[in-house]
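Welcome, and please load the model in your viewer. We will hop from one selection to the next and look at what is there.

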Amino acid sequence: MAKSAVIIGGGLGGLFTGAILAKEGVKVTVIEKNATIGGGLQSFIRFGEVFDTGMHVIGGMQPGGNIRRICNYLGITDKIHIKDVDSDVIDTLYFAEDKKSYTISQGKEAFVEKLAESFADQRENLKRYVDAIYAIVDELDLFYLRPSDDYIAIHSEEFMMAANEFIAKYITDEKLAAVLAYMNPLYAGRENMTPAYIHALICALYINGPSRFAGGSYLFAEALRDCIVENGGEVITNDGVEQITSEDKLITSVITRKKRVFSADYYISAIHPCTLVKLFGDNSPLPKAYTNRLNDIPNSYSAFTLNIKLKPNTFRYINHSVYYMSRYDEIWNFGKENWTWPLGFLYMTPPDIDQGEFSNKMIITAPMSWDKVKQWEDTSVGRRGKEYEEWKLQCVEELISRMEELYPDFRSYIDKINTASPLTIRDYYAVKEGAMCGYSKDCNNIMLSQVPIVTKVKNLLLTGQNCNVHGFCGVPLTAINTSEVILGKNYVLDKINQLDSNA
Ligand SMILES: Cc1cc2nc3c(=O)[nH]c(=O)nc-3n(C[C@H](O)[C@H](O)[C@H](O)COP(=O)(O)OP(=O)(O)OC[C@H]3O[C@@H](n4cnc5c(N)ncnc54)[C@H](O)[C@@H]3O)c2cc1C
């Protein structure tokens with residue numbers, strides 16, 4: 001008899017886990033509360049343009065890249081639209097303090113040499129730093145999709161070091177140390193907290209070569225959905241799970257907003273754990289201590305986003321992301337109490353499938369704390385009040401005025417602006433405090449901030465960004481872990497490796 005699984009949440013984690021399980025013969029039902037699937041892969045159309053919500057820069061999609069290999073195994077690689085960024089300039093970063101720009105290049109050697117143009121005396125330190133990054137990543141078998149029989153992973157001291165300490169161990173120039181932490185806004189990095197392995201993993205992926213979705217990240221979500229459906233599964237939208245019933249410490253069914261009841265052998269939560277625990281009501285089969293723990297884990301910070309429609313033929317398409325930082329010594333201030341806003345942000349021009357010389361749109365994302373919107377936490381979309389609208393306009397102004405430092409005529413390029421605040425993220429993804437990357441990972445207590453994929457309820461599994469690393473580079477890997485609880489350890493990894501060796 002085929003096994004069956006109900007997956008709560010049709011975001012990156014739910015769709016990847018669903019696609020893997022469906023491909024391996026499990027009868028999958030994915031249930032998504034929104035009208036559109038995708039979660040962080042969701043796009044929306046505004047002013048006639050497609051804007052992506054939570055997936056702007058991605059890693060692992062270069063030939064041989066880990067996520068691409070998973071896509072090959074799922075048979076979706078030919079159906080997706082990816083545009084690699086330019087290898088000589090994968091990112092640029094600008095520090096307003098001294099009006100200096102730095103270029104990041106693809107490949108270990110080019111990465112070192114490009115930065116050594118500005119920090120010649122740090123060349124050898126940079127080489128050691130890059131080697132240390134790859135040594136940390138090599139400790140993660142899953143990153144390379146290597147089967148492993150380790151049940152308890154043993155890691156080096158550097159692996160669990162705070163990312164800022166790790167950088168400082170190799171780099172003696174303070175400005176360069178700040179430059180190397182430029183991707184903080186991408187992984188919600190925090191001083192003395194974010195583990196070096198998160199920093200290393202993201203850096204290695206981008207040094208290997210980042211990519212972007214062309215035409216919208218929703219096309220990728222659709223490819224995963226098609227994979228589920230073609231393998232006999234079902235993806236339900238616009239009908240979130242509102243209740244989970246249980247008996248004798250096992251889940252018996254999930255009940256949706258439209259009062260549909262679904263039962264299966266396994267239930268996989270691909271939503272924020274704090275959202276999950278509420279679905280049990282007063283009759284939770286989860287131990288109270290576990291529920292309290294899930295509710296108490298600190299979340300990563302959120303973000304404020306400008307989605308800008310540009311006037312035609314005014315702004316040239318840039319095939320990389322640009323990071324703006326006010327000051328070098330503020331690079332680790334993100335997430336600190338009362339941090340000033342905006343400390344920094346990243347902007348990018350998302351590519352169309354047939355991208356021309358000019359860009360029609362721009363996305364500006366600035367990390368922001370939940371505290372900034374807490375006063376409106378009891379409001380809902382479209383009904384947040386005049387004060388909130390005025391506050392949003394001030395935020396827009398703050399970001400636009402900084403863009404004018406880089407492009408004095410920037411305002412004249414703008415046709416229309418749409419904004420998304422931490423409240424938007426909370427309400428669309430049902431993520432506590434609009435956290436960008438789910439739970440905040442804390443190297444001082446890694447057990448606290450990583451939730452195992454198995455739970456005390458035998459037929460309840462977890463997946464998604466809260467279990468391990470967030471984003472496009474982490475969530476698909478956790479989807480393999482979760483799927484292998486049902487399919488058998490290394491079952492999927494062996495298949496992926498077999499496929500690669502046959503190619
Ligand atoms: C502004 C922003 C920018 C980002 N940029 C990047 C980036 O450039 N690159 C990158 O790799 N990562 C980026 N991320 C992070 C990335 O989006 C997340 O790590 C990823 O989407 C998490 O996947 P997930 O499956 O865990 O959760 P999600 O993708 O959020 O999926 C959860 C899904 O569950 C649904 N749901 C919730 N409750 C219920 C319910 N009761 N019933 C049914 N469905 C429910 C939600 O609607 C959602 O679709 C960004 C995030 C944000 C917020």
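Start with the ligand and its surroundings: of the 39 residues around it, G11, G39, G40, G464 and G471 come nearest. Here a residue is near a molecule if its C-beta atom, placed from the backbone, lies within 6 Å of it. Before going further, note that this is a predicted model, in which local features need pLDDT of at least 70, side-chain atom pairs count only at pLDDT 80 or more, and totals for chains, interfaces and linings use all residues. Residues are numbered from 1 along each chain as its sequence is written.

Next, colour the ligand shell by class: you should find 19 nonpolar, 18 polar and 2 charged residues. Ala, Val, Leu, Ile, Met, Phe, Trp, Tyr, Cys and Pro count as nonpolar, Asp, Glu, Lys and Arg as charged, and the others, Gly among them, as polar.

Now select α1 (12-23), β14 (302-310), α14 (422-429) and α16 (471-487), each of which supplies at least two residues of the shell. The most come from α16, with 4 residues. Helices (H or I, at least four residues) and strands (E, at least two) are DSSP runs, numbered from the N terminus.

Colour by domain, using bounds from an automatic or database domain assignment. The ligand shell lies between domain 1 (4-41 + 66-78 + 215-297 + 444-502) and domain 3 (301-436), because both give residues to it.

From β14, move out to its sheet. This open sheet of 7 strands runs β7-β6-β15-β16-β17-β14-β18, with mixed pairing; two strands pair if DSSP finds at least two bridges between them. At the edges are β7 (100-104) and β18 (414-420), each paired on one side only. From one strand to the next, the twist averages 20°. Zoom in on β14 and β17 (residues 361-368), which run antiparallel and are joined by 8 bridges. Opposite M362 in β17 you will see I308.

Now for some backbone details. Most residues other than glycine have a negative phi, and most peptide bonds are trans. In the loop between β15 (321-325) and β16 (344-348), select P342: a cis peptide bond joins W341 and P342, with omega about -5°. The loop between β15 and β16 also holds N338, whose phi is positive, about 55°, although it is not a glycine.

Is N338 buried or exposed? N338 is exposed (12 or fewer other C-beta atoms within 10 Å), because it has 8 of them.

Finish at K249, in the loop between β10 (241-247) and β11 (250-256), where phi is near 60°.

Definitions and conventions: Axes are lines fitted to C-alpha atoms, for helices over the stretch in contact, and angles run from 0 to 180 degrees between N-to-C directions. A residue is buried if 20 or more other C-beta atoms lie within 10 Å of its own, exposed if 12 or fewer, and partly exposed in between; C-beta atoms are placed from the backbone.
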